[in-house]
Every structure is written in structure tokens, then in C-alpha cells.
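Here is a brief report on a ligand site and a surface patch. Please view the model alongside the text.

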Amino acid sequence: MTHHHFDTRALHAGQEFDPTTGAIVPPVYLTSTFVQDGVGGLRGGYEYARAGNPTRTSLQEQLAALEGGSRALSFASGLAAEDALLRATLSPGSHIVMGNDVYGGTHRLVNRVHVPWGVELETVDMSDVDAVRRVIRPGKTDVLWIETPSNPLMKITDIATLAAIGHEVGATVVVDNTFASPALQQPLSLGADAVVHSTTKYLGGHTDVVGGAVVTNDEELGEQIAFLQFAVGAISGPLDAWLTTRGIKTLGVRMRQHSANAQVIAERLAAHPAVRHVYYPGLVDHPGHEIAARQMSGFGGMLSLAIEGGAEAARRFVESTEVFQLAESLGGVESLIGYPSEMTHASVRGTELEVPADVVRLSVGIEHVDDLVADLEQALERLPR
Ligand SMILES: *Cc1c(COP(=O)(O)O)cnc(C)c1O
């Protein structure tokens, strides 16, 4: 599949029709074990479903093809995928450097699960290359963890530059590619060693399944993560894997529409008197615009707004939209609105990861853009002047 374009790979990688019946869509293998033709006589290598299931294999082949990796492993959630990757790359005494605006759950996983086991965590502004150089330690920093665009302020990190810096000190360079998706950004081709995803978001794309994945080109790392997937067991179930696979088939067209809609909204609201600032890498005055234009093939569907009138106005705004529904999560076909300081980022209040109280976050869906703009404008009109 590697010579085909992205949209073709998304549809066909790992999706061979069922050889027995000709069913064009590979079936969901709802089974926990596999009958053996005599002791050890496995069909296709399948033995027990924690170790392997054809539906999971199908998703993993699709994911590897999309990120340009040699190996993908899928998990029960994005955080389960991250945990497997961290266990494979950290040990007591390790040092890990992350952005000071990483996904709150990622920070919590390292800070509250891995740090008590003897790992040292340092957070830094990843968009500041000199600051990263100052904190990484040769022979000591085992992981450099990048998330770009970041959540919710859409900071952009230069993946190729940071990958080179990480490799100078022998670190494994990881990119959380959840916000961009492989349709817009392929970190392995920019030098990253591993990509992690919450497939719950754009990859699944239909807000009906929780999942995660790690993709890599490093055979040894892939082997270690495969072992952890099997030995720890945080696997994706067959129905979840199948739903994710189905979602991925339309990833390319969805991301083009998400990006187009978000660009229109960003430009319209940037000029609105009730909006103090729009955070969207597709705007030319965004500080990361040039890097984003270089390393991404579209600017994505996530944007944040700072609302005039502070916390009270921001709260009222998120409760006044109708098409945009108030909910956590992102990346689905339907538009969502959130108030990070009390929703997704409530756990990091009082830390350097805290989000300003006037910021609201939009996950722009693929509804007609005129309806989305009208919805946001009517909610802004209802704010007190
Ligand atoms: C949601 C999310 C995660 C965690 O994934 P889950 O599937 O919720 O476990 C990790 N990183 C980012 C950027 C996310 O948005």
C-alpha cells in the first residue's frame, strides 16, 4: 500500500475482503480464543485474543500505513497507549521532558503514576527551542514528549528541530498526534521515533468509541510495546477496533472539511468585537503559523477563543450555543464547545498548565459552516456589553 496516496491507504490498508465469503468489509471477530488444528496448529498465528485478534490486526495495519510506520499497536484508550509507550521507554531514574501545555491526562499519568515509581518529570514551553535545550540532559533524558498543535492554546512545536535536539541526547522523541491526525501531519517522517494517538478523537471521528494507538518505525521499540500490549493487556476490543477502522476510512475528507470550517470561523470571529483573541494556526498572525504551514498539510478543526468579559462571559457563551454542544472531547463529526478551565483542564488549575478563564475551546465539526458561524454569532450577541 505504501505507494498509494493517503486517502487510498486509509480505505484499503489492512482491509482485504473476507476470503471465505467475499464480504467486502472484514468481519468483526467477536471471539476470545481460536481453535487449533492439533496442539500448536494455529490458523494465521491466532491463539488467544489478548495476544491477537484479526480485527485488531486490521486496525493496526491501517494505522501503520497512515503514519508511515512499520508497526502500530492499538489500545483500550489513548492513555493506555501512552502508558505502554512510557513503560517501554522509561525506568526508575529516567528523566522525561514534556510541554507545559500537554493534555492534562498525559501530565497526570506521568506525574501521578510514573513519577512515584522513580521517574523525573520536567515541563517546558516546547515552542521555545532554547528552553528545551536548557532542560534536556545528555544520557539522562530518555523521553522528549511533543504535542502539536497543543491544547487548548494551539501552540505549534517544530517537530523536526526538536527531534534532532532529542536525538543529540539519546532521547526517544514522541509526538502526540491526536489534534492533527495523520491526514494533516506525519511526525515519523519529520524524525520522531513514535507517534501516540487518542483514536477516540479524529481517527474514530464519530464520537462512538474510546481507543488509542502507538505507531513506530523502530523495530525494537515496536517489539517492546507489542510485548506490553500482550503482557499488561490494555488491548482494544474487536468491536472498538472495527468502529475505529470504519471511522478512519473517511479521515481524509473529514479533516479537509474540519479544516475548511475552522478557517472560516477563525477569520470571522477574529473580527468580532466580543472576541478578544482567536487561537488558530491557520491565521497568519498566529506565532506558529509558518511552522504549521511547513509541517502540516492543513490547520485542523480545533480552535480556541478568548472572550471579552472574562470568565463570566466565557461561561455564558459556552452555555448559549445550540449547534455546538457543550461536552468534553473533540474530533467528532459534530461540533463541540468546551470551557477548558473547568472541564478538560480543571485538574491542572493552580499549576503552570492552568488555562486562562476567558478561553473557550471549539472542536469544529463538519456541519454546514454557515450554521456554525450563525450559532456562534447568536451566542456572542447574547453576551452583556
Ligand atoms: C483525549 C486525548 C488523550 C487521551 O486519550 P483517551 O482516549 O481519552 O485516553 C491524549 N492526548 C490528547 C491530545 C487527547 O486529546
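The sections below cover the basis of the model, the ligand site and the patch.

## Basis

This is a predicted model, in which local features need pLDDT of at least 70, side-chain atom pairs count only at pLDDT 80 or more, and totals for chains, interfaces and linings use all residues. Residues are numbered from 1 along each chain as its sequence is written, and side-chain values use heavy atoms, with hydrogens and water left out.

## Ligand site

The ligand has 14 residues around it (a heavy atom within 4 Å). Gly-78, Asp-176, Ser-198, Thr-200 and Lys-201 come nearest. Helix α3 (residues 78-89) supplies the largest share of this shell, three residues (helices are DSSP runs of H or I, at least four residues). By class, the shell holds four nonpolar, six polar and four charged residues; Gly counts as polar.

Oxygen atoms of the ligand take part in several polar contacts (N or O pairs within 3.5 Å). A backbone N or O atom of Gly-78 lies 2.9 Å from a ligand oxygen. For a backbone N or O atom of Leu-79 the distance is also 2.9 Å. A polar side-chain atom of Thr-200 lies 2.8 Å from a ligand oxygen. The protein buries 92% of the 380 Å² that the ligand exposes when taken alone (Shrake-Rupley areas, 1.4 Å probe).

## Surface patch

Phe-17, Ile-24 and Val-25 make a nonpolar surface patch of about 330 Å². Patch residues have over 30% relative accessible area and no salt bridge (Lys or Arg side-chain nitrogen within 4 Å of an Asp or Glu carboxyl oxygen), with nonpolar side chains joined within 5 Å and like charges within 9 Å.

Val-25 sits in the loop between α1 (6-12) and α2 (54-67). Val-25 counts as partly exposed because its relative accessibility is 38%, between the limits for buried (under 20%) and exposed (over 50%).

Note on methods
Helix = DSSP H or I, 4+ residues; strand = E, 2+ residues; numbered from the N terminus. Buried < 20%, exposed > 50% of the residue type's maximum accessible area, 1.4 Å probe, protein only. Polar contact = N/O pair within 3.5 Å; in protein donor to acceptor, adjacent residues only side chain to side chain.
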